[in-house]
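These are my notebook entries on one protein model, written down in the order in which I looked things up.

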Amino acid sequence: EMYRVTGVQTCALPILALLMESSPMQSTPGKRLLGMRVTSRRLQRLHPLHNVGRIIAFCLTGILWKVIFIVNAFMKGHLLHDRISRSYVIQYRKSE
């Protein structure tokens, strides 16, 4: 059977992103594996309310995902929901 998204998954993923990106880790597990962090314009950890705005912007842009996919292709890595919420996803390196 085809994979179906349930209501629990729909609610759990934004909550997971909210909690993890506002934590000292500043990333979801996938972003962490790719060496990325979510930051404010001052390159600091996002305040939880700032991150709520980012998640809402992500969900709203997801409604028109076919159009937004094309728009994001021309944004050079700074996607529409990040521009709306004034946040950045940056690459980082561990200094070890």
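Before reading any side chain I fixed the burial scale: buried means under 20% relative accessible area, exposed means over 50%, and partly exposed lies in between, with a 1.4 Å probe and protein chains only. The model is a predicted one, in which local features need pLDDT of at least 70 and side-chain atom pairs count only at pLDDT 80 or more, while totals for chains, interfaces and linings use all residues. Residues are numbered from 1 along each chain as its sequence is written, and side-chain values use heavy atoms, with hydrogens and water left out.

Entry 1, the fold. I counted five helices and two strands in the protein chain, taking helices (H or I, at least four residues) and strands (E, at least two) as DSSP runs numbered from the N terminus. The order of the elements from the N terminus is α-α-β-α-α-α-β. Of the 96 residues in the protein chain, 29% are buried. With contact set at heavy atoms within 4.5 Å, I found that 55% of the contacts between residues at least 6 apart in sequence join residues at least 24 apart.

Entry 2, salt bridges. I searched the whole structure and found three salt bridges, each defined as a side-chain nitrogen of Lys or Arg within 4 Å of a carboxyl oxygen of Asp or Glu. Lys31 pairs with Glu21, with the closest N and O atoms 2.9 Å apart; because Lys31 lies in helix H2 and Glu21 in helix H1, this pair ties together parts that are 10 residues apart in sequence. Glu21 is buried, at a relative accessible area of 1%, and its side chain also meets that of Arg54 in a salt bridge of 2.8 Å, N to O. That second pair links distant parts of the chain, with Glu21 in helix H1 and Arg54 in helix H3, 33 residues apart.

Which residues count as buried at the Arg54 end? Arg54 has a relative accessible area of 4% and is therefore buried, and Asp82 is buried as well. Arg54 and Asp82 form a salt bridge with their closest N and O atoms 2.8 Å apart, and this pair links helix H3 to helix H5 (residues 80–85) across 28 residues. Through shared partners, the salt bridges join Glu21, Lys31, Arg54 and Asp82 into one network.

Entry 3, a loop residue. Ser27 is found in the loop between helix H1 (7–21) and helix H2 (29–33), and I noted that Ser27 counts as buried because its relative accessibility is 0%. Leaving aside neighbours within four places in sequence, Ser27 is in contact with Met20, Glu21, Arg32, Met36 and Arg37.

Entry 4, the second largest pocket. I took a pocket as an open set of points on a 1 Å grid over the protein atoms alone, where a 1.4 Å probe fits, with protein on both sides within 12 Å along at least five of seven lines, and lining residues as those with an atom within 4 Å of a point. The second largest pocket is lined by Phe58, Thr61, Gly62, Trp65, Ile68, Phe69, Asn72, Leu79 and His81. The elements that give two or more residues to this lining are H3 and H4, and H4 gives the most, with four residues.
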